[in-house]
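Biologist: I should like to understand how the terms used for a protein model are justified. May we take them one at a time?

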Amino acid sequence: MSEASVGDDPFDRVRAVQVALVAVFVTALVTAQPTASKLLAFDLPISLPVTGSEIVLPGAALAYAVTFLASDCYAELYGRRAAQVMVNVAFGMNFLFLALLWSTIAAPAAIPPQAEQFEAVLAPATNIVLGSLLAYVVSQNWDVIAFHAIRKRTGEERLWLRNIGSTATSQAIDTVIFVSVAFYLAPHLLGVGDPSSLSLVASLIVGQYLFKLLVAVLDTPFVYAIVGYVRADGVGRAD
């Protein structure tokens, strides 16, 4: 069999997309850890309840939104069990990332001032780690469950509904858990920094959720494109 015919094999395409989705999922997940502590602020053209004329959200919001895009595509193409395996294996990869990061921080430094800057920029705070890990394991597993529950009720044709519906509910869970634990509960209980005010916590929850909901709507064409590419020859259909 020639190289060209192997590359054109639809099952090769299924496997290639499967690996790519796992890679995107894990990359976005790992990126979210060191970026979560930076708060972003975006001006709005109108004033909204709670947030006012500005949306404030953690820097990891975009990275986490990408994980839901990848997991929804994966769940649609490869089934619920495969998606939950990916989600829970990636959860373990969080600990590998943290172990590698902290071992680098703890290792002797050739240039101490540089090492201090490295730790200050990259070391995730305890409250961020607790919030992100708890939010991740709950919301991602719920996303897979909700995705397939909607699929079972509505059939295969309404991919847009299960993509937006599962992501909308799971992102709400993710946002409430992450912001509440990372910026309010953990600082109170563990003394790992000054806890944010309830008004700031509410603003962070609303702002982050609105952003993620917008991403869920905008990523729907990409979900259709990825799923359509894999299923072009009638393969890759989830059970």
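Modeller: Certainly, and please keep in mind that this is a predicted model. Let us begin with R151, whose relative accessibility is 9%.

Biologist: Why is R151 called buried?

Modeller: The term buried applies under 20% relative accessible area. R151 has 9% relative accessibility, and therefore it counts as buried. This residue is found in helix α6, which covers residues 126-154.

Biologist: What makes the pairing of R151 and E76 a polar contact?

Modeller: The side chains of R151 and E76 are joined at 3.3 Å. The limit for such a pair of N or O atoms is 3.5 Å, so a value of 3.3 Å satisfies the distance condition.

Biologist: E76 also appears in the contact of α3 with α9. Which residues meet there?

Modeller: From α3 come L69, C73, E76, L77 and Y78, and from α9 come F222, V223, I226, V227 and V230. These residues divide into 9 nonpolar, no polar and 1 charged.

Biologist: What describes two packed helices?

Modeller: The description uses the angle between their axes and the distance between the axes. For α3 (residues 61-78) and α9 (residues 220-230), the axes come within 10 Å and cross at roughly 35 degrees. Their crossing is right-handed.

Biologist: What makes α3 mostly covered?

Modeller: Of the 18 residues in α3, 16 are buried. Just after this helix, G79 takes a positive phi of about 95 degrees.

Biologist: How do you know that the span of helix α4 agrees with the expected one?

Modeller: Helix α4 (residues 80-106) has 27 residues, which should span 39 Å at 1.5 Å a residue. Its end C-alpha atoms are 39 Å apart, so the two values agree. Buried residues in α4 include A83, M86, F97 and I105. For α3, the reach from its first C-alpha to its last is 26 Å, close to the 26 Å expected.

Biologist: Let us turn to a strand. Why does L57 count as buried?

Modeller: L57 has a relative accessibility of 2%. Buried means under 20%, and therefore L57 counts as buried. It is found in strand β2, residues 52-58.

Biologist: Which residues are in contact with L57, leaving aside its neighbours within four places in sequence?

Modeller: They are K38, L39, L40, F42, L204, Q208 and F211. In addition, L57 and V201 are 144 residues apart in sequence and 9.9 Å apart in space, C-alpha to C-alpha.

Note on methods:
Residues are numbered from 1 along each chain as its sequence is written. This is a predicted model: local features need pLDDT of at least 70, side-chain atom pairs count only at pLDDT 80 or more; totals for chains, interfaces and linings use all residues. Side-chain values use heavy atoms; hydrogens and water are left out. Axes are lines fitted to C-alpha atoms, for helices over the stretch in contact, and angles run from 0 to 180 degrees between N-to-C directions. Helices (H or I, at least four residues) and strands (E, at least two) are DSSP runs, numbered from the N terminus. A crossing is left-handed if the near helix is turned anticlockwise from the far one by less than a right angle, and right-handed if clockwise. Contact means heavy atoms within 4.5 Å. Ala, Val, Leu, Ile, Met, Phe, Trp, Tyr, Cys and Pro count as nonpolar, Asp, Glu, Lys and Arg as charged, and the others, Gly among them, as polar. The expected span of a helix is 1.5 Å times one less than its number of residues. Buried means under 20% relative accessible area, exposed over 50%, partly exposed in between (1.4 Å probe, protein chains only). A polar contact is a pair of N or O atoms within 3.5 Å; within protein, one must be able to donate a hydrogen and the other to accept it, and residues adjacent in sequence count only if both atoms are side-chain atoms.
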